[in-house]
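Visitor: Please give me a close look at one part of this protein: its interior. I'd like to hear what is tucked away there and which spaces are left open.

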Amino acid sequence: MARRTGWLLWAMAMVTMAGCAPTREDVGRFEARAVKVDGRTAYYQVFVPRGARAQPDRLPVVLFLHGSGERGNDNQAQTEAGLGPYLRRHADTFPALVVLPQVPGDGEWSGDNNRVALAALDATVAEFNADPQRQYLTGMSMGGYGSWNIALDSPQRFAAIVPVCGAVLAPRAVRPTLFVEDVAHEADPYAAIAQRLKHTPIWMFHGARDDVVPPEDDRRLKAAFEQAGAKDARYTEYPDGNHNAWDTTYADAAMWAWLWAQTYRDAGI
């Protein structure tokens, strides 16, 4: 607990040091933040909704995991594809905090990068007094794989998960480092995920014509969740969609209405 409190205080101090203290409350906006985990300083973005600090109720918070194309060290690219553009278009109406960490180099959403993502989420919950019962997780492509990795590591944390065009096992000849690590050793990794997350509301999205991450893994996951008797495991496949299923998913008002209706108390764990 002392160690966690220490990096939370450090992260809060970095807000001022970086010159990123918020100056306006009348528009939703991205604000840069930093957190230190195991001696490493990592920068991330937080989308702060309009009037966040004046809200009478505690805000929900979304952790967003970007795809392969947004990796780097500029603390900006992760806001430029997927959820970020949607937030900019709906900056005046989006009702939640969003945490957007960034994977450096050619890394994956695993190991230290996942610890940084959760540390950034913790720091945001603390800074804005967000609702701990309404923490949500979504990711696209590489971030879809990462959604499963983080959810399996923290199965009692998220009120709901929305993986977009992700999978469980990438073709190893194509990318040997991209897979859901927690279940890679299982004889049936799909059944293992379903058993461990069957109490968590999940809505998966994929394009039927995806030629980057084919939808077969999500189809198998949907079947595994049904077999496990999952409480609420949904799957939407866009018949004419290719890999960028995130544009349609994040523009779907029904998805957001479903997400905001979930709370951790609903999970029944």
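Guide: Let's start with the vocabulary: helices (at least four residues) and strands (at least two) are DSSP runs, numbered from the N terminus. Keep in mind that you are looking at a predicted model. With those names in hand, P60 can be placed in the loop between β2 and β3 (61–65). P60 is buried, because its relative accessible area is 5% and buried means under 20%. The C-alpha atom of P60 lies 6.1 Å from that of Q135, although the two residues are 75 apart along the chain.

Now to α4, which I'd make the centre of our visit. This helix has 12 residues and spans 17 Å from its first C-alpha to its last, close to the 16 Å expected at 1.5 Å a residue. Of those 12 residues, 11 are buried, so α4 is largely enclosed by the rest of the structure. Among the buried ones are M142, Y145 and N149, and these three also help to line the largest cavity. An α-helix has 3.6 residues a turn, so residues three or four places apart point the same way.

That cavity deserves a moment. The count of cavities of 30 Å³ or more comes to 1, and the largest cavity holds about 50 Å³ of space. Besides the residues from α4, its lining includes E108, W109 and S110, as well as T177, L178, F179 and E181. By class, the cavity lining has 5 nonpolar, 3 polar and 2 charged residues.

Next comes the largest pocket, with about 240 Å³ of space. Two elements give two or more residues to the lining of this pocket: α4 (142–153) and α6 (216–228). There are 17 lining residues, and Y145, A170, P171, V212 and V213 lie nearest the pocket's centre. Y145 is thus a residue to keep selected on your screen, because it is found in the pocket lining, it is part of the cavity lining, and it is one of the buried residues of α4, where burial is under 20% relative accessible area. The pocket lining is made up of 11 nonpolar, 3 polar and 3 charged residues.

Here is a charged residue that sits inside. D122 belongs to helix α3 (residues 111–128), and with a relative accessible area of 12% it is buried. Its side chain makes a polar contact with the side chain of R157, at 2.4 Å.

Two more buried residues are worth a stop for their backbone. Most residues other than glycine have a negative phi. C165, which is not a glycine, has a positive phi of about 45 degrees. It lies in the loop between β6 (160–164) and α5 (189–197), and its relative accessibility is 0%, so C165 counts as buried. N75 is not a glycine either, and its phi is positive too, at about 55 degrees. You will find N75 in the loop between β3 and α2 (83–89), where it is buried with a relative accessible area of 8%.

For a backbone comparison, turn to the hairpin of β1 and β2: it has 2 residues between the strands, and D38 takes a positive phi near 55 degrees there. The two strands run antiparallel and are joined by 9 bridges, and K36 has T41 of β2 as its bridge partner.

Definitions and conventions
Residues numbered from 1 in each chain as written. Predicted model: local features only at pLDDT ≥ 70, side-chain atom pairs only at ≥ 80, totals over all residues. Heavy atoms only, no water. Buried < 20%, exposed > 50% of the residue type's maximum accessible area, 1.4 Å probe, protein only. Polar contact = N/O pair within 3.5 Å; in protein donor to acceptor, adjacent residues only side chain to side chain. Pairing = 2+ DSSP bridges. 1 Å grid on protein atoms, 1.4 Å probe; cavity = no way out; pocket = protein on both sides within 12 Å on 5 of 7 lines; lining within 4 Å. Points joined across faces, edges and corners; volume = space filled by probe spheres on them. Nonpolar A, V, L, I, M, F, W, Y, C, P; charged D, E, K, R; others polar. Expected span 1.5 Å × (residues − 1).
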